[in-house]
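Colleague: Before we discuss this model, could you show it to me and then explain the terms as we use them?

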Amino acid sequence: MNGKFVTVEGCDGVGKSTQVRLLRERLSKEGVDAVFTREPGGTDIAEKIRAVILDADNSDMDALTELFLYEASRCQHTNQVIKSALDAGKLVVCDRYIDSTLAYQGYGRGLDVDMIKTLNRWAMGGVEIDLTLFLDVNSADGFSRKGGASDGDRMEREKSDFYERVYNGFIAVANEEKRFVRVDASGTKYETHEKLYAELKSRGMLK
Ligand code: TMP
């Protein structure tokens with residue numbers, strides 16, 4: 001695989017979608033051959049799985065069912081989109097990937113982290129992440145930025161203690177993985193954007 005694989009992670013409410021959009025616009029202006037994609041989702045099948053996962057009517061979903069759905073989405077997406085883009089030498093920027101599963105289903109839901117690591121490996125089918133940009137906003141600020149336990153999708157309805165465990169999960173992964181960079185996202189969206197761009201550049205992700 002000749003391309004570079006960058007994942008962007010963070011708790012709900014930290015402005016991740018805005019940051020991914022700003023990066024996409026900037027790289028497109030600069031003529032960088034990049035594929036922007038997201039999880040759960042990123043292919044027709046995986047977007048259907050996303051709709052099932054996030055449907056607020058599915059409030060009785062079992063935690064293990066939820067995990068398998070995220071992994072099913074990942075497997076389809078990785079095989080259908082990410083692998084071929086990397087093989088073609090492209091930069092792939094994915095809005096959430098395996099670390100979200102560790103943080104949300106592992107630390108948030110309390111499922112076995114080693115089992116999740118094994119499932120992640122199977123779903124990734126040999127793909128490796130070059131760099132993970134974590135939008136770091138402490139869990140209390142992140143929670144209030146997203147408007148508390150809002151009546152948004154099924155995940156966004158979770159309470160503040162869930163999000164605190166998720167944040168701590170991301171920090172635990174950050175301490176384990178060299179590819180993981182914590183980017184302070186407490187400033188304005190433009191300040192955060194410049195920090196993310198600088199990380200991509202200085203770590204050789206932009207050829
Ligand atoms: P998004 O709002 O960033 O598109 O993500 C959808 C939700 O799914 C968000 O609440 C985080 C959650 N999520 C997990 O719980 N586990 C995962 O593996 C992924 C990729 C996302």
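Modeller: A polar contact is a pair of N or O atoms within 3.5 Å; within protein, one must be able to donate a hydrogen and the other to accept it, and residues adjacent in sequence count only if both atoms are side-chain atoms. This is a predicted model, in which local features need pLDDT of at least 70 and side-chain atom pairs count only at pLDDT 80 or more, while totals for chains, interfaces and linings use all residues. Residues are numbered from 1 along each chain as its sequence is written, and side-chain values use heavy atoms, with hydrogens and water left out.

Colleague: What makes the approach of R96 to the ligand a polar contact?

Modeller: A polar side-chain atom of R96 lies 2.6 Å from an oxygen atom of the ligand, and the limit is 3.5 Å, so the pair qualifies. Y70 has such an atom 2.8 Å from a ligand oxygen, and for D12 the distance is 3.0 Å.

Colleague: How do you know that the length of α7 agrees with that of a helix?

Modeller: Helices are DSSP runs (H or I, at least four residues), numbered from the N terminus, and the expected span is 1.5 Å times one less than the number of residues. The 17 residues of α7 should therefore span 24 Å, and the end C-alpha atoms are 25 Å apart, which agrees.

Colleague: Which residues are in contact with F170, leaving aside its neighbours within four places in sequence?

Modeller: Contact means heavy atoms within 4.5 Å, and the partners of F170 include E9, R96, Y104 and F180.

How values were computed: Helices (H or I, at least four residues) and strands (E, at least two) are DSSP runs, numbered from the N terminus.
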